[in-house]
Amino acid sequence: MNTSMVTGRMSWRRMAGSAAALLLAMTLAACGGGGGDSGKSVFDPGTGTPPTTPTTLTDLAIVADKTTVPNSGLENVTFTITALTTGNAALTGVETPVTVEVDSGAIVTPSAKVTGKDNGKITAVVQLTDKTSRTVKLTVSSGTVKKTSSFDVVDSVNGSKVADLRLVVDKVSLPNDGTQVAKLSVTSVDAFNSAIGGSPVSLALVDPVSGGSIVNSFGKTSTDDTSGVLTADISLVINKGKSPRAISVQATSGTVVRTISFDVIEAVSIVPKASDLTMTLSKSTVGNAGSESVDVVLTAVDALRNAVPGIKVTFSVDSGAVLVPGNLVTDANGVAKASVLVGADRSNRTVTVTATSDALVRRASFKVTGAKLQAQLLPATLRNGDVGAVEYTLSDVNISPMVGVAVSVGGSQGAAVACAGSAAPAEAVTDGKGKYTYCYKASGSGPTEISATAGGTSVKSTVQIDATVSDVPVATTIGSATFTASPAVVAVNLVGSSENRSELRLLFRSDKNEPVPNVRARIGFGTNNSGSDGVISSGNDKIIISDATGIAVTSFVAGQRPSPTDQVKVYACFSKTDTVETIAACPADRLRTVSLTVVEQPVSVSIGTNALIGTGANKLTYFLEFTVLVVDSAGNPKSDVQVAPLIDLPSYQKGFYFYDLGLKKWIQVVTQNCLSEDSSVGRGFRNGTIETGEDLNTNGQLDPRKSDVSITMVGSTRTDSSGLAVMRIEYPQSYGSWTEFAIRVSASGVVSPPAFFGRIASEGDTLLTLKGTEQYTGVPVDVIKAEGTPPFVISPYGQVASCSSPN
């Protein structure tokens, strides 16, 4: 059950002088609460009246004891269905009608038609009648409330979701002279007839002639990860026998077994020949991301343009493309098929597909496009003899970086020189960000062109050497100046690396929405210079100039130090002429700012709970679950972080509960609060060992015992993709509301202090010096409101108002 934690308390002093009333109350409690028929629900509609959905029903909770079952049909799945009311508490005291339905191919057997009055639950057992691997859905409804849950049926041998194997052989017969090969395609599919890749498949031949045939899957033992298809050749061993017969091919994946057959027939002397071939491609252009394919269809015809089956065809491709053959012998429609992938080469290029059959050759081509090369001048103007740089960025059709591609740079500036901070010129190959920086020593004067080619595309840039860039005309109004940073969150760089960076882009538009070239912009950190050890790639407080498209670009290169959220400020001051003010002196109307965050390892961990008390599987314990969240300095969740919880029991309470007839619930009376006995100064603080003077109540043990409350991680001990992990504290029901607990959670690599829940206890603390908010083991609200005596009615630590007494 999951209900809110409640604890009612009355001080011992308030009870003084009320012994007679207390004795009467406890006597009535022992007799069932004082009057009335306590065994009959007030919600009972009476015999003959079918139960109706209570108006207090707000939701239904469904919990399955398994998420997967093998398709052997030997295992069942049991669902526990709980009717819920306000606060996600179990709806008890009434019988809530519940309708349970399950997908076809399964049978559901509910334990009852209505939930139990005592716990608001029923169970439903699902049995399989269809052993196909699939997802089975259970639907539960009551009135207008409807909920679903599901589980997967997987193969009992290999645990996969393969529901069927589709077998196709490209011919119905093979001549017994061994001149032909049958092509087998095995496709693994799920219950929705969708292909499943990576499914293990074994092939076997059933041939009346022992050793008379061979199946060759070319070393593959599972279907292709992308297409879900396994292909194989079936050939005859003619020296073992040429007798006409039927051969069966058996494909097995776990418990799924499928068979297809073909015939071995007498060879005929007539060999089919085509008079013409026609070839078509499904696309003339594809993107270079590698996810698209081009389908090839070749049709063979005779002199009368009739389709000719049985024609052998050979396909080939060039330019680094990859050919995936289909049937290499024309089928009954005279058609042979294949598909082409662009392969690992993502450069812009033309791919030619060639088909050959005897002396007939046909070719068709398609274009691979999408590679884009961008150039950023650092700077755009410089003096003769200065070292300049051009930063090239190569990306594909999806704007993803193209890594490891050679870049060829040409122009009058000659061979590359070492960039600032480097001992030698960098290799002319794009890095992990798709970037390459070409550094050169400026020579000549005036506008000078630098060209570059990479990935089948090129770009030209013009740098001004010893030349004066024209001012922006006075009559031109700069209507907008947009300053952006992409991305806004950058990871720190390793020492000597500049890979992690953010592009800083200024876009200038006139009042007529036209690009404004030659705008000067000074980029720098201003007074925030100490906020980061990163650098501006064009130089701090240096001037960059907008190009013909009105864009001026530079980069922020992260250092080795992370920053608080949005606390790296980069400023831009712009002007129509070279007299650009410094950041500090820039007028507000010409000053722009962007904020960046530099992140490193996870920096913060938090802990929280929904305060819902559950009952353990053995019905003897209560538990409370917590969630732990780990984030970086930008607030982004950090996955796969090791989480380590620790529980402490700072104190315990003595006392008892009595039943209040007016309030109709159990009230807690705390007679004494006691500090944990395992806390003496200098005597082994919290070591679980009794030192002299620690066993204050002389009962031969330290109260509370470490085993009174346990803590464990639920599932993984590492955070998931949302940066979350779940942990649980669990304790005997008799300890509910009497034991104080505190949780401390640390996470691997987190630089902030651990997260705490409850009061922090240090060596030498007293009850008055514990820091934080006290938290006690909770008890369910429905138990508090029930008339039966709860398991925690008397504190396991005693009732006498003295920490020196064990009674």
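**Figure 1. Burial and overall dimensions of the protein chain in the predicted model.** Of the 807 residues in the protein chain, 42% are buried, and the accessible surface comes to about 38,600 Å², with 52% of that area belonging to carbon and sulfur atoms. The radius of gyration of the protein chain is 39 Å, whereas a compact globule of 807 residues would have a value near 28 Å. Measured out along the principal axes, the C-alpha trace has spans of about 110 × 95 × 55 Å. The secondary structure consists of 3 helices and 52 strands. When contacts in the protein chain between residues at least 6 apart in sequence are considered, 64% join residues that are at least 24 apart. The charged side chains number 65 positive and 70 negative, and the centres of these two sets lie 2 Å apart.

**Figure 2. Surroundings of Ser555 in strand 41.** Ser555 belongs to strand 41, which covers residues 551–557, and it counts as buried because its relative accessibility is 2%. Leaving out residues up to four places away in sequence, the residues that Ser555 touches include Gln376, Glu391 and Val535. The run Arg501, Ser502, Glu503 and Leu504 is also touched by Ser555, as are Ile536 and Ser537.

**Figure 3. Aromatic pairs, with Tyr622 and Tyr731 as one case.** Across the whole structure, a search finds 13 aromatic pairs. In the pair formed by Tyr622 and Tyr731, the ring centres are 6.4 Å apart and the planes stand at 70°, an edge-to-face arrangement. This pair links distant parts of the chain, with Tyr622 in strand 45 (residues 621–631) and Tyr731 in strand 50 (residues 724–732), 109 residues apart. Tyr622 and Tyr731 are both buried. The rings of Tyr657 and Phe792 have centres 5.2 Å apart and planes at 65°, so this pair is likewise described as edge-to-face. Here too the pair links distant parts of the chain, since Tyr657 lies in strand 47 (residues 651–660) while Phe792 lies in the segment after helix 3 (781–785), 135 residues apart. Both partners, Tyr657 and Phe792, are buried. Elsewhere, ring pairs link Phe626, Phe741 and Phe757 into a cluster.

**Figure 4. Two cis peptide bonds that precede proline, at Pro487 and at Pro704.** The peptide bond from Ser486 to Pro487 is cis, and its omega is near 0°. Pro487 is located in the loop that runs between strand 35 (478–486) and strand 36 (489–491). The peptide bond from Asp703 to Pro704 is also cis, with omega near -10°, and Pro704 is found in the loop between strand 48 (665–675) and strand 49 (710–714).

**Figure 5. Positive phi at Phe218 and at Asp640.** Phe218 is not a glycine, yet its phi is positive, at about 60°. The residue Phe218 sits in the loop between strand 16 (213–216) and strand 17 (229–236), and with a relative accessibility of 47% Phe218 counts as partly exposed. Asp640, another residue other than glycine, has a positive phi near 60°. Asp640 is placed in the loop between strand 45 and strand 46 (643–648), and because its relative accessibility is 51%, Asp640 counts as exposed.

**Figure 6. Strand residues Ser141 and Val257 with their contacts.** Ser141 is part of strand 10 (residues 134–142), and its relative accessible area of 18% is under the 20% limit, so Ser141 is buried. Not counting residues up to four places away in sequence, Ser141 touches Leu60, Pro97, Val98, Thr99 and Lys146. Val257 is part of strand 19 (residues 256–265), and with a relative accessible area of 35% Val257 is partly exposed. Its contacts, once neighbours within four places in sequence are set aside, are with Gln250, Ala251 and Thr252. The C-alpha atoms of Val257 and Leu203 are separated by 9.9 Å, and these residues lie 54 residues apart along the chain.

Notes
Residues numbered from 1 in each chain as written. Predicted model: local features only at pLDDT ≥ 70, side-chain atom pairs only at ≥ 80, totals over all residues. Heavy atoms only, no water. Helix = DSSP H or I, 4+ residues; strand = E, 2+ residues; numbered from the N terminus. Rg over C-alpha atoms; globule rule 2.2 N^0.38 Å. Buried < 20%, exposed > 50% of the residue type's maximum accessible area, 1.4 Å probe, protein only. Contact = heavy atoms within 4.5 Å. Areas by Shrake-Rupley, 256 points an atom, 1.4 Å probe, with all protein chains shown as cover. Lys, Arg positive; Asp, Glu negative; His and termini not counted. Charge placed at Lys NZ, Arg CZ, Asp CG, Glu CD. Phe/Tyr/Trp six-rings, centres within 6.5 Å; stacked < 30°, edge-to-face > 60°.
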